[in-house]
Amino acid sequence: MFSISGEAPGVQRAAYAGRASELAPLRVSDSRKARAWSRQEERVERLIARLFANDPQHRQHAKRIRTRQLRLKRALSGPAWRLYLLLEEAEVGRWTYVVDRLAERAILVARKRRSR
């Protein structure tokens, strides 16, 4: 276990009696942690969510996928199901990347048109 002060685990120390404003912010770096989203990425996510939110064809397609996945899960063993999920995640990641790039391009084109 890690300790902020560097003391060994299990060592008790007195409670901090100062004000909260005197505490320095704790910053932890982890290369495995995803970086914070930029404003551009947030705009892309909002655009994609709006496009798919009220699309009846998208809802129907998602429902069909969920139904078929449940049927497949019942037919497969545990390890086979986990392998399927890994493959599905890779495929979804590829398509998500493509959709994100298209949405980014649409936002950039719209911004350029406004600036003219």
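Start by selecting R101 and E104: the two form a salt bridge, with their closest N and O atoms 2.8 Å apart. The model is a predicted one. Both residues belong to helix α3 and sit three residues apart, about one turn of the helix. R101 counts as partly exposed, at 31% relative accessibility.

Keep R101 on screen and add D100, which is also in helix α3, spanning residues 78-115. Is D100 buried or exposed, and which side chain of opposite charge is nearest? D100 is buried and has no salt bridge; the nearest such side chain is that of R101, 4.6 Å away. A salt bridge here requires a side-chain nitrogen of Lys or Arg within 4 Å of a carboxyl oxygen of Asp or Glu.

Next, show what surrounds D100. Beyond its neighbours within four places in sequence, D100 contacts V44, E45 and I48. Moving the selection to V44, and again leaving out residues up to four places away in sequence, the contacts are D100, A103, E104 and I107. V44 therefore touches both the buried D100 and E104, the salt-bridge partner of R101.

Now select V44, L47, I48, A103 and I107, the five residues of the largest nonpolar core. Two elements, α1 (39-53) and α3, each give two or more residues to this core. Helix α1 supplies the largest share, three residues. Across the chain, 7% of the 116 residues count as buried.

Go along α3 to E91 and R94 for another salt bridge, in which the closest N and O atoms are 3.2 Å apart. These residues are three apart in helix α3, so about one helical turn separates them. E91 is partly exposed, with a relative accessible area of 34%, whereas R94 is exposed at 57%. A search of the whole structure finds two salt bridges.

Then bring in helix α2, residues 56-75, together with α3: their axes come within 9 Å and cross at roughly 145 degrees. To see the contact, select Q69, L72 and K73 on α2 and W81, Y84 and E88 on α3. By type, the contact residues are three nonpolar, one polar and two charged.

Finally, zoom out to the whole chain. Which elements appear from the N terminus on? They run α-α-α, with three helices and zero strands in total. Among contacts with a separation of 6 or more, 48% join residues 24 or more positions apart.

Technical notes
Residues numbered from 1 in each chain as written. Predicted model: local features only at pLDDT ≥ 70, side-chain atom pairs only at ≥ 80, totals over all residues. Heavy atoms only, no water. Helix = DSSP H or I, 4+ residues; strand = E, 2+ residues; numbered from the N terminus. Buried < 20%, exposed > 50% of the residue type's maximum accessible area, 1.4 Å probe, protein only. Lys, Arg positive; Asp, Glu negative; His and termini not counted. Contact = heavy atoms within 4.5 Å. Axes fitted to C-alpha atoms, helices over the stretch in contact; angles between N-to-C directions. Nonpolar A, V, L, I, M, F, W, Y, C, P; charged D, E, K, R; others polar. Core = buried A, V, L, I, M, F, W, Y, C linked by side-chain atoms within 4.5 Å.
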